[in-house]
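Please look through the sequence and the model shown here before reading on. The report that follows takes up the pairing of strands, the interior and the aromatic rings in turn.

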Amino acid sequence: MKLGINMCGRYFIDRNIIDKLLEDMYDARIKPGDVHPGDFGIIASQKGYEVMRWGKPIGSKLVFNARSESVTTKPFFQDDFNKRRCVIFARSFYEWNQEKKQFRFHYPKNGMMLMGGLYDQAGHYVIITKPANNSMIAIHDRMPFLLAPGVMKDYLFDEEKAKALLKQKQPPLVNEAMDGQLSLFEV
């Protein structure tokens, strides 16, 4: 096939356009800023990017976390972990200590966090948690299951690799008290 001389043979799309498209596409359900249990969020699954609600209802309760130690064996989560793993995107997450003081945790250079999770057939997702590492232990005994950027496909598409990733150490995080004090703890 011969291409015409005046034909558009290539085009360029930048990050701003992609962000605008996502904003237009999800403006009714997705908003930048804090995401709370019950809110909609964007996840990556084996099907691509999807909009789902954070939290899996059980009667009048909303379960929004699943423990890494039992996610592969607990009947409530087992089928979802085996068939419907997902990745949740965040810049940071919050935790409160026993005195109810709020802390924000993020990577040292504020990079994007990839949190491992799972979802159900009804469009609800949960974040998998692990025992806290040295970055978290002084504040809380659990933390989100964080994935390195290069293993997202392994987690989503390979059940055995996903199970192995559940056992890996978590990276060091910056701990920022909501009063502005920063700390970095190494694992």
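## A hairpin and its neighbour

Strand 1 is joined to strand 2 by a hairpin that passes through two residues. The model in which this hairpin appears is a predicted one, and every value given below was computed from it. Strand 1 covers residues 40–45 and runs antiparallel to strand 2, with six bridges between them. One of these can be followed residue by residue, since S45 has G48 of strand 2 as its bridge partner.

Strand 1 also pairs with strand 6, again in the antiparallel sense, and here over two bridges. In this pairing, A44 has V87 of strand 6 as its bridge partner.

## The chain as a whole

The hairpin belongs to a protein chain with four helices and 14 strands. The protein chain has 187 residues, and buried residues make up 40% of them. The surface that the protein chain exposes comes to about 11900 Å², of which carbon and sulfur atoms supply 55%.

How many of the contacts join residues that are at least 24 apart in sequence? If one takes the contacts in the protein chain between residues at least 6 apart in sequence, 61% of them join residues at least 24 apart.

## Two nonpolar cores

In soluble globular proteins, nonpolar side chains tend to be buried together. In this model the largest nonpolar core has 22 residues, and those that touch the most other members are I43, I88, F105, M113, Y125, L146 and L173. Several strands supply at least two residues each to this core, namely strand 2 (48–54), strand 6 (85–90), strand 8 (102–106), strand 9 (113–119), strand 10 (124–131) and strand 13 (173–177). Another core, which lies apart from this one, has 19 residues, including A66, I128, L156 and L166.

M113 gives a closer view of the largest nonpolar core, as one of the residues that touch the most other members. When residues up to four places away in sequence are not counted, M113 touches I88, F89, A90, R91, S92 and F93, and also F105, H106, Y107, L146 and L173.

## Strand 13, covered on both faces

Is strand 13 enclosed by the rest of the structure or open to the outside, and why? Five of the five residues of strand 13 are buried, and therefore this strand is largely enclosed by the rest of the structure. The cover reaches both faces, for L173, N175 and A177 are buried on one side, while V174 and E176 are buried on the other.

Strand 13 pairs with strand 8 in the antiparallel sense, over four bridges. Within strand 13, A177 is the residue that stands opposite F103.

## Aromatic rings that link parts of the chain

A pair of aromatic rings is described by the distance of the centres and the angle of the planes. The count in this model comes to seven aromatic pairs. One of them is formed by F81 and Y155, an edge-to-face pair with 6.4 Å centre to centre and 65° between the planes. Because F81 lies in helix 2 (residues 75–83) and Y155 in helix 3 (residues 152–157), the pair ties together parts that are 74 residues apart in sequence. F81 is buried, with a relative accessible area of 0%, and Y155 is buried as well, with a relative accessible area of 0%.

Y155 also takes part in a pair with F145, and since the ring centres are 5.6 Å apart and the planes stand at 70°, this pair is edge-to-face. F145 lies in the loop between strand 11 (142–144) and strand 12 (146–147), ten residues apart from Y155 in helix 3. With a relative accessibility of 1%, F145 counts as buried. Together, F81, F145 and Y155 form one aromatic cluster.

## Charges over rings, and an exposed loop residue

Two aromatic rings can also be viewed together with a charged side chain. The ring of F81 has the charged end of R85 sitting over it, 5.5 Å from the ring centre, and the ring of F76 has the charged end of K56 over it, 4.3 Å from the ring centre.

A last residue to find is A122, which lies in the loop between strand 9 and strand 10. A122 counts as exposed, because its relative accessibility is 60% and the cut-off for exposed is over 50%. Although A122 and M52 are 70 residues apart along the chain, their C-alpha atoms are separated by 8.9 Å.

Note on methods:
Residues numbered from 1 in each chain as written. Predicted model: local features only at pLDDT ≥ 70, side-chain atom pairs only at ≥ 80, totals over all residues. Heavy atoms only, no water. Core = buried A, V, L, I, M, F, W, Y, C linked by side-chain atoms within 4.5 Å. Buried < 20%, exposed > 50% of the residue type's maximum accessible area, 1.4 Å probe, protein only. Contact = heavy atoms within 4.5 Å. Areas by Shrake-Rupley, 256 points an atom, 1.4 Å probe, with all protein chains shown as cover. Pairing = 2+ DSSP bridges. Phe/Tyr/Trp six-rings, centres within 6.5 Å; stacked < 30°, edge-to-face > 60°. Lys NZ or Arg CZ within 6 Å of the ring centre and 35° of its normal.
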